[in-house]
Amino acid sequence: MSTMNSGLHCTISAEKLHHLVENNFGSDTKVKQFGLLQGGLFNTTYRIQLEHTSYTDVILRLAPEPGEMATDSASDPLFSFERTMMAAEPIVYEYYRKAGIPAPNIIACDDSGSIIPRTYMFMEFIPSKQLDHESISGIDKERLYDQLGAYTAIMHQIEGASFGWPQGDGSIKGSDQWSEVLHSFAEETALKAAQVGYMSGVGEEIAAIFIQNKDLFDQVTRPVLVHNDLWEANVLVHQENGELNIAAIIDGDRSMFADREYEAILSTESVAFQEGYDRPLDSSAEGQARRLAYRILSSYFNAYVHEHQVNQPEDGQKYHQRTLDLLEQWKQLGLN
C-alpha cells in the first residue's frame, strides 16, 4: 500500500480492487481498466471500467483507514465525524434526491470492515466536468452559480431532528443545542492540536467562545442540512439541451444539520449565487458575530488539518494566520 500526499490518502492493490468489484458486482464481472483519480487528500478515488455487468463505468471511493494503534478519539488521526461520514453519504444524497437536488447514484456502500478495514462505496460515474474547469465561459459560470444558489437554498430547507452529523442509519449524532455541537467540534480540534503542540492555547480560546456565548448560538433553533464543503470542485456540470447545467453536487460526506449560515459559500461575492439563493443573511449584530465565530472555527480546523492531517504546510500556515487574524476581530467585538 502506498501513500499519496498524506497519510490518509492510501491506494490499494490491483488484487484488492478486483476483489471489491467481484464482491459487489458478481464473480462474472471483469475489470476492463482502472485508474487512480488525483486531487483528493482524504478519500482515495478510482475510476473503473467494467464488463459483464449493467454498470460499465463506476467510481470507487475509499475512506482513510483509522490509525492501527488508535485506542481513543485523541490518538486516532481521524475526527469523530470523519470516521462515519462516508457511510452517511447515501443518506445525504437521498435527502438531495427527494428535494430535487441532483446527486450521485450510490451503487453500494460498505462500512462493515469485513473485506477491507475502510469504509468504501461504489457510485455511478457521471460524464461531466467540475465547475472550476477552465473551459467554462464567464457567462456560463454566472448561470451555473445562479443554479447552485437555488439548489443551496433548497438544501437549506431540509430540516433535521437535531443539530449534528447524519449517520448511516439515518440518525443524527449531535445535540438539540447548536452551541453544544460547535463546542464539541472545537474541543476535539483543540485536543488533537494540543497532542502535537500546535497553536498552543488557541484551541482552548476558540472552544471557550461557544461556552461563554452559548445563548448567542442557541438563538439558532432550526437545524437544516448544509453541505459544509461546497466549492467549485464539488459541483459537476454537463451539457444538457444545448447548455451547461449542474449534473450533481458531490462529496456530501461532510454535510451536517446546522445553522444555514454555517455554510461557508454564503459569504461568496458571486452576485449570481446570491440571486439564486435569494435569502438574505442575518444582518443583526448577533448574526454577524455568529458568522465570525464559524469562520474562526473553520479556519482553525483547516489549519490543523492541512498542517498535521494531510501534510500541506503552506496552506496550514495560511489558515494559521487567518485564525489569529479572525480571533483579533472577535476580541474587537467586546464579547467573551
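A residue counts as buried when its relative accessible area is under 20%, and as exposed when that area is over 50%. The model discussed here is predicted.

## Strand β5 and its partners

By that cut-off, six of the six residues of strand β5 (residues 57-62) are buried, so the strand is largely enclosed by the rest of the structure. Both faces are covered. Asp57, Ile59 and Arg61 lie on one side. Val58, Leu60 and Leu62 lie on the other.

β5 has a partner in strand β4 (residues 44-51). Six bridges join these two antiparallel strands. Within this pair, Arg61 of β5 stands opposite Thr45. Strand β7 (residues 120-124) also pairs with β5, again antiparallel, over five bridges. Here Leu62 has Tyr120 as its bridge partner.

β4 and β5 make a hairpin, with five residues between the strands. His52 sits in that turn.

## Three loop residues

His52 and Met199 both invite a look at the backbone. His52 is not a glycine, yet its phi is positive, about 65 degrees. Met199 is another non-glycine residue with positive phi, near 50 degrees. Pro127 joins them in the table for its accessibility.

| Residue | Loop | Relative accessibility | Class |
|---|---|---|---|
| His52 | between β4 and β5 | 61% | exposed |
| Pro127 | between β7 and β8 | 59% | exposed |
| Met199 | between α4 and α5 | 8% | buried |

At 8%, Met199 falls under the 20% limit, so it counts as buried. At 61%, His52 is over the 50% limit and is therefore exposed. Pro127 and Met199 are 72 residues apart along the chain, and their C-alpha atoms are separated by 43 Å.

## Helix α4

Does the length of helix α4 agree or disagree with its residue count? The helix covers residues 178-195, which is 18 residues. At 1.5 Å a residue it should span 26 Å. Its end C-alpha atoms are 26 Å apart, so the two agree.

Buried residues of α4 include Trp178, Leu182, Phe185, Glu188 and Lys192. Small side chains are on the list too, among them Ser179, Ala186, Ala190 and Ala193.

What do the buried residues of α4 pack against? Their strand contacts are β9 (163-166), β10 (172-175) and β14 (256-258). Their helix contacts are α5 (202-212), α6 (214-217) and α8 (285-309). After α4 comes Gly197, with a positive phi near 65 degrees.

## The second largest pocket

α4 also contributes to a pocket. The second largest pocket holds about 200 Å³ of space. Its lining has 13 residues. Nearest its centre lie Ser80, Trp165, Lys173, Gly174 and Ser184. β10 and α4 each supply at least two lining residues. The largest share, five residues, comes from α4.

## The β8-β12-β13 sheet

Strands β8, β12 and β13 form an open sheet in that order, with antiparallel pairing. β8 and β13 (243-249) stand at the edges, each with a single partner strand, so one side of each has no neighbour in the sheet. Strands of a sheet pair through backbone hydrogen bonds.

β8 (129-130) meets strand β12 (residues 235-240) over two bridges. Lys129 has Val237 of β12 as its bridge partner. Helix α3 (residues 138-155) lies across β12 and β13. It runs at about 35 degrees to β13.

Methods: Residues numbered from 1 in each chain as written. Predicted model: local features only at pLDDT ≥ 70, side-chain atom pairs only at ≥ 80, totals over all residues. Heavy atoms only, no water. Buried < 20%, exposed > 50% of the residue type's maximum accessible area, 1.4 Å probe, protein only. Helix = DSSP H or I, 4+ residues; strand = E, 2+ residues; numbered from the N terminus. Pairing = 2+ DSSP bridges. Expected span 1.5 Å × (residues − 1). Contact = heavy atoms within 4.5 Å. Axes fitted to C-alpha atoms, helices over the stretch in contact; angles between N-to-C directions. 1 Å grid on protein atoms, 1.4 Å probe; cavity = no way out; pocket = protein on both sides within 12 Å on 5 of 7 lines; lining within 4 Å. Points joined across faces, edges and corners; volume = space filled by probe spheres on them.
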